[in-house]
Amino acid sequence: MKSTRKALPNLSAAFCALALAACAGSGAGGSRAVATLKPTQGNKASGTVTFVQNGSEVRVTAEIAGLSPGPHGFHVHEKGDCSAADGTSAGGHFNPSGKAHGHPEHGDHHAGDLPMLVADASGVARLSAASSALAVGAGEGNVVGRSVIVHAGVDDFKSQPAGNSGPRVACGVIAAG
Ligand code: CU
Ligand code: ZN
């Protein structure tokens, strides 16, 4: 019993060291960018979206609260400008390669098209997705200086130019770091 209790702090110390090594590793190898999303006028959605370059892909990790339960359109938009009360200052979907709007995992799509956020009963959505169309810090798909938008409704991944996912409920400019 005594030795088990002693082992626990040692184990967690080892865990921290591992986590630190992982952090240092990603800092040296890949770039990272973050958007802090704030609600547009009349809405409550807010949260954080992180982009980490991982080889030829970008890992997108999101945690957004204050949503209505269910699916929400979720995209990288062209302009890093959330100044308009309704978020329209962010412009259209980030589309450096001139494609049509669509599902990010099959067929043509904008580089900025991401899988939908799905909020649980308490209005919280978590997402982790990989994108080979986006990049962090350099290249055509560079997300730094763009923005992230969360929409009120469902992205049908079909309607042009933006999937008909309704008003913009949250907006955040993507900054390096
Ligand atoms: Cu959008
Ligand atoms: Zn799109």
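User: What makes this an open sheet, and in what order do its seven strands stand?

Analyst: In this predicted model, seven strands form an open sheet in the order E5-E8-E9-E1-E2-E3-E7, with antiparallel pairing. Strands here are DSSP runs of at least two residues (helices, H or I, need at least four), numbered from the N terminus, and two strands count as paired if DSSP finds at least two bridges between them. E5 and E7 (125-131) stand at the edges with a single partner strand each, so one side of each is left without a neighbour in the sheet. Neighbouring strands are turned by 20 degrees against each other on average, direction ignored, where axes are lines fitted to C-alpha atoms (for helices over the stretch in contact) and angles between N-to-C directions run from 0 to 180 degrees. Residues are numbered from 1 along each chain as its sequence is written, chains are lettered from A and ligands numbered from 1 in the order in which they are written. Local features need pLDDT of at least 70 and side-chain atom pairs count only at pLDDT 80 or more, whereas totals for chains, interfaces and linings use all residues.

User: How do you know that E5 and E8 pair?

Analyst: Four bridges join E5 to E8, which run antiparallel, and the definition asks for at least two, so they count as paired. Within this pairing, His75 stands opposite Ile149 in E8. E1 (residues 32-39) and E9 likewise pair in the antiparallel sense, over five bridges, and Pro39 has Ala170 in E9 as its bridge partner.

User: Why is Phe157 called buried or exposed, and what of Ser159 and Asn164?

Analyst: A residue is buried if 20 or more other C-beta atoms, placed from the backbone, lie within 10 Å of its own, exposed if 12 or fewer do, and partly exposed in between. Phe157 has 20 such neighbours and therefore counts as buried; Ser159 has 11 and counts as exposed; Asn164 has 16 and counts as partly exposed. Phe157 lies in the loop between E8 and E9, as do Ser159 and Asn164. Ser159 is 58 residues from His101 in sequence, with 7.4 Å between their C-alpha atoms.

User: What makes the backbone of that loop worth a look at Phe157, Asn164 and Pro161?

Analyst: Most residues other than glycine have a negative phi, and most peptide bonds are trans. Phe157 has a positive phi of about 55 degrees although it is not a glycine, and Asn164 also has a positive phi of about 55 degrees. A cis peptide bond, with omega about 5 degrees, joins Gln160 and Pro161, and Pro161 lies in the loop between E8 (147-151) and E9 (168-176).

User: What makes a set of residues a nonpolar core, and which members touch the most others?

Analyst: The term covers buried Ala, Val, Leu, Ile, Met, Phe, Trp, Tyr and Cys residues joined through C-beta atoms within 7 Å. The largest such core has 36 residues, of which Leu37, Ile64 and Val150 touch the most other members. E9 gives the most to this core, with five residues.

User: How do you know which parts to read with caution?

Analyst: pLDDT is the predictor's confidence in each residue, from 0 to 100; the protein chain has a mean of 88, and 84% of its residues reach 70 or more. Over residues 1-29, however, the pLDDT is below 50. Where pLDDT is low, the predicted coordinates should not be read in detail.

Notes. Contact = placed C-beta atoms within 7 Å.
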